[in-house]
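Here are my notes on this one, set out as numbered points. Have the viewer open while you go through them.

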Number of protein chains: 2
Amino acid sequence: MEIVGTQFIDGKRIGKSATTFYSYDARNDESLPYQFHQATGAEISAAAAAAAVACPVYRATGLEERARFLEAIAIEIDALDDTFINVVMLETGLPEQRIRGERLRTSSQLRLFAAVVRRGDFLGIRIDTALPERQPLPRPDIRQYRIALGPVTVFGAGNFPLAFSVAGGDTASALAAGCPVVVKAHSGHPVTSELVAQAVVRAVELCGMPAGVFGMLFGDSVGAELICCPEIKAVAFTGSLQGGRALAEIVARRPEPIPVFAEMSSINPVFMFPGAIQERGADIASGLAASVTLGAGQFCTNPGLVIGCAGEDFDRFSQYLATEMACKPPAVMLNRAVLNNYRNGIKTLSGISGVEILAGAATDENSAFACLFKASSELLKVPSRPLEKEVFGPVTMLVAVQGLQELLEIIPDLSGHLTASIFAADSDLPNCKPVVTALECRVGRVILNAFPTGVEVCEAMVHGGPFPATSDSRCTSVGTLAIDRFLRPVCYQGYLDSLLPEPLQNDNPLRLRRFVNGEWSEV
Amino acid sequence: MEIVGTQFIDGKRIGKSATTFYSYDARNDESLPYQFHQATGAEISAAAAAAAVACPVYRATGLEERARFLEAIAIEIDALDDTFINVVMLETGLPEQRIRGERLRTSSQLRLFAAVVRRGDFLGIRIDTALPERQPLPRPDIRQYRIALGPVTVFGAGNFPLAFSVAGGDTASALAAGCPVVVKAHSGHPVTSELVAQAVVRAVELCGMPAGVFGMLFGDSVGAELICCPEIKAVAFTGSLQGGRALAEIVARRPEPIPVFAEMSSINPVFMFPGAIQERGADIASGLAASVTLGAGQFCTNPGLVIGCAGEDFDRFSQYLATEMACKPPAVMLNRAVLNNYRNGIKTLSGISGVEILAGAATDENSAFACLFKASSELLKVPSRPLEKEVFGPVTMLVAVQGLQELLEIIPDLSGHLTASIFAADSDLPNCKPVVTALECRVGRVILNAFPTGVEVCEAMVHGGPFPATSDSRCTSVGTLAIDRFLRPVCYQGYLDSLLPEPLQNDNPLRLRRFVNGEWSEV
């Protein structure tokens, strides 16, 4: 394992800056023996410029060639060995099994996008052939497909050092779309980032891709400068609401505005129907406590708000949950900043009038204790939405409403979230439909009888939702639809076959499914 | 014909404001006998609120019901009689044939979206069924479709009083998506707007749709206030760069940002290959002059920049074009503001060092004369892009480059445009491919041997392109893909069939094409 600590620019390693920073041990905040150079302005520009140079070459790669490149990255990621696993554990405090799982998730994600590329339907081909005899005017031949937006800046996420970082879902979907990627490495796991970037670069070289197709920069402040480079044509971000909004504002001031997809803030409300907690309240409480504390609660899909109907069953359920939460061992968080934010968040929640603590609160210096709060349902109706501010960590909030009517009434006023879950028994089903229909408008994923943690990477997944869950509810950052963020349609009018891009040519040389004259065709 | 001159709010007509304005005769700027009340703040809020109330009802309409509603609007638009045609002519100065054509285009567009709704593929259904035996973890059942974003504000466009205004493409695509619409009527054609809105309201009533599904407000300053209403979830705009950017900035300051699609500024470069102008320069010049002056040049697809290779053939072509342009009669423009802007634009172009006038310049008080300019190719490389500032009206600019190499070199530095056209003879074809590939990156539509005016409404059309052509190159405002602007994906995890929306249910009751476990299925 060789850690160079400089930028990845156009296939070279460059780091001219004297400003450096270290990686830290998540368990005790002591610095690890790896030093990183913060990217200079010139290095940032060079990375963006290299991506722009690579763009015409990379976007012109054939589907099979591009798919193999994604698979080559997957192979390199799978080959990252135990030394790698160990250093990710050191940097993030995440347990070994989680990191092994995330490594597999990351390579599987790349392979899934390879399949998407081969399938070719992301090209969105539509062909309307000429109607020369049409009255009053003939119709010309018009053919549409989708092309890469251009170089994409991906911000590594702190809480998913592999699956949402250097070679995570944003990078995989951007590369699949034909976009070069310049990653802003997350400063919480620079060693992890460097090792994954080395893996990507090996794949770039093996596949003979243009060197600028992948770049990576270190340093906290480089992101803002990178997204102002005119060569950058889209931004993908996973992080805080504050961070996401700041990026959006910076982008809005560019001479040329560009799309930003920021996945930001969600407390993932869970709705407990009376029959469910009556039938299996203890089981649900146990599962909920596990979901809230999984990975020290450091998931964007962490269930941070639990709403049920006031009564004996809900009281009993609350007690079960309090007992479960109180038994959870203290957990190491990703880094000191995350831990401090968690503590401050807990303090803020504790200080809200109408909020009481049911479990937790005690913390040692280096770890986070799980916390359970209870709040009055009136607080859900306060315009500043104090119960919907995300506190990142192992905490959740119980709220009892006065029956199903109030439960239904509060939904339209919820802010946007990534997910909402419903727990319902058979006896609850007749009451569920209006709740589901209302929730659909507030979230990207509606879940029945399961917890929101765990986001399947598949064709149908939506990891998105109305603001502030994301900056653009029309997109998802998990699942194959994520590729749509980085494509734009172009049409050709009146073209000769020889001048058309291959996917649009008459005899369909790539054998793609195409929408021709209003009907689907594979020939 | 009864013109009330008040707002359309929740099926009622309301106009409390003492602030009024008139419609004007485009030919002479004299006021017509129709007075309009500017919407008050309360009226703006009420229109947005009514749309929000209508939203859950409207988005729940069945596909057939919604398609019939769009067709009912089409029928009402087709039924607008000669009185209507005459008043549109008065207000806009556009000729009768154009308005009749635009009426047909508008109703056809609504019928095309009815077909899209019936087809149902805009729902983007993806189903991944459960894999309970999968290791290490089972996969839950996940089903995705797309739902309406919510109420949409549509800004009527001045240059298309029917096809891009009250019941134009933005409204048709938003209604097709299941979104209520609140139109900000263009103040250049308020009578036209009122009559079309009355037609829409008749369709709303005939079809028993919720009254708030369509609203319309009068007044120049109401747009900014309307898009700040929290109920509004998307904005569609066609107009100036200045106007579009202002809207985007207003929206960026909302507590909840929303998608804005603004189609703004394009000069639609035309590239003349040597063989084409040698073979048929006179024909091309004649066609180009007709395209530039069509509808007094008031098209967003007006060809405002013509680039060819310096030499005798291009000189001769330029002379043909100058002769053609000089013969064009003066034209009435949409209104006095448009005429004044045109004159100012011509003045600005004339004042650029390196630009000379070849035809035009003389104007009478009430109309616009066609103008032809010629500029040095060096001006294409000036960072402020003086030749790419849209001058809205019957004007174009000739630029001679030193051969095909320079022609190819300037393309990557062009700003974004809606279209680019290439004129090429058979002898030019070997040189065309790199030009086409480069142009694809700068525009939404690449045209061969035809002029950009005339935008076919079909499945494959892209009326979009990189900034400043639009604010989001991933979208189009013409063609059926326009519906995508107003939809967002939602997924259901682990649901019982009875709780799923119909399009996602197991037995596919709506018989839609669905993407199931990675394969297309119609069962």
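1. A word on confidence before anything else. pLDDT is the predictor's confidence in each residue, on a scale from 0 to 100. This is a predicted model, and chain A averages a pLDDT of 96, with 99% of the residues scoring at least 70. For the model as a whole, the scores are ipTM 0.96 and pTM 0.97. The usual caution still applies: where pLDDT is low, the predicted coordinates should not be read in detail.

2. How are the two chains related? Chain A superposes on chain B by a rotation of 180° with 0.0 Å of shift along the axis, at an RMSD of 0.0 Å. That is the relation of a two-fold axis. If you want to find the axis from chain A, go to A:Ala252: its C-alpha is the nearest one in that chain, 3.9 Å away.

3. Now the interface. Chain A and chain B put in 54 residues each. On the chain A side, β5 (126–128), β6 (142–148), α8 (241–252), α13 (429–440), β20 (443–448) and β21 (487–493) each supply at least two residues. The largest share there, seven residues, comes from β21(A). By character, the side of chain A that touches chain B divides into 30 nonpolar, eleven polar and 13 charged residues. Of the interface residues of chain A, 100% are also interface residues in chain B, so the copies meet through the same surface.

4. Look at the strands that cross between chains. β20(A) pairs in the parallel sense with strand β19 (residues 487–493) of chain B, over three bridges. Which residue of β19(B) is the bridge partner of A:Ile447? The partner is B:Gln493.

5. That pairing sits in an open sheet of twelve strands, ordered β15(A)-β17(A)-β18(A)-β13(A)-β12(A)-β19(A)-β20(A)-β19(B)-β6(B)-β5(B)-β20(B)-β21(B), with mixed pairing. At the edges stand β15 (355–359) of chain A and β21 (519–521) of chain B, each with a single partner strand, so one side of each is left without a neighbour in the sheet. Neighbouring strands here are turned by 25° against each other on average, direction ignored.

6. Within the chain A part of that sheet, strands β17 (residues 371–376) and β18 (residues 395–401) of chain A run parallel, paired over six bridges. A:Ala375 has A:Val399 in β18(A) as its bridge partner. Helix α11 (residues 336–350) of chain A packs on the sheet, touching β15, β17 and β18 of chain A, and its direction makes about 125° with that of β15(A).

7. There is another open sheet of twelve strands, also with mixed pairing, in the order β23(A)-β22(A)-β5(A)-β6(A)-β21(A)-β18(B)-β17(B)-β12(B)-β13(B)-β16(B)-β15(B)-β14(B). Its edge strands are β23 (519–521) of chain A and β14 (355–359) of chain B, each of which pairs on one side only. In this sheet, too, the average turn between neighbouring strands is 25°, direction ignored. Strands β15 (residues 371–376) and β16 (residues 395–401) of chain B run parallel, joined by six bridges, and B:Lys374 has B:Leu398 as its bridge partner in β16(B).

8. For helix packing, try chain B. The axes of α9 (residues 274–293) and α10 (residues 312–327) of chain B come within 8 Å and cross at roughly 10°. That makes α9(B) roughly parallel to α10(B). The residues of this contact divide into twelve nonpolar, three polar and three charged. Among those that meet are B:Ile277, B:Ile284 and B:Leu288 from α9(B), with B:Phe314, B:Phe317 and B:Leu321 from α10(B).

9. Last, some backbone details to check by eye. The peptide bond from A:Gln135 to A:Pro136 is cis, with omega near 0°, and A:Pro136 lies in the loop between β5 and β6 of chain A. The bond from A:Phe467 to A:Pro468 is cis as well, with omega near 5°; A:Pro468 is in the loop between β20 and β21 of chain A. B:Ala296 is not a glycine, yet has a positive phi of about 55°, and its place is the loop between α9 and β13 (305–309) of chain B. A:Asp29 takes a positive phi near 65° in the hairpin of β3(A) and β4(A), which has six residues between the strands.

Methods:
Residues numbered from 1 in each chain as written. Chains lettered and ligands numbered in written order. Predicted model: local features only at pLDDT ≥ 70, side-chain atom pairs only at ≥ 80, totals over all residues. Axes fitted to C-alpha atoms, helices over the stretch in contact; angles between N-to-C directions. Helix = DSSP H or I, 4+ residues; strand = E, 2+ residues; numbered from the N terminus. Parallel < 35°, antiparallel > 145°, perpendicular 65-115°, else oblique. Contact = placed C-beta atoms within 7 Å. Nonpolar A, V, L, I, M, F, W, Y, C, P; charged D, E, K, R; others polar. Pairing = 2+ DSSP bridges. Least-squares fit on C-alpha atoms with pLDDT ≥ 70 in both.
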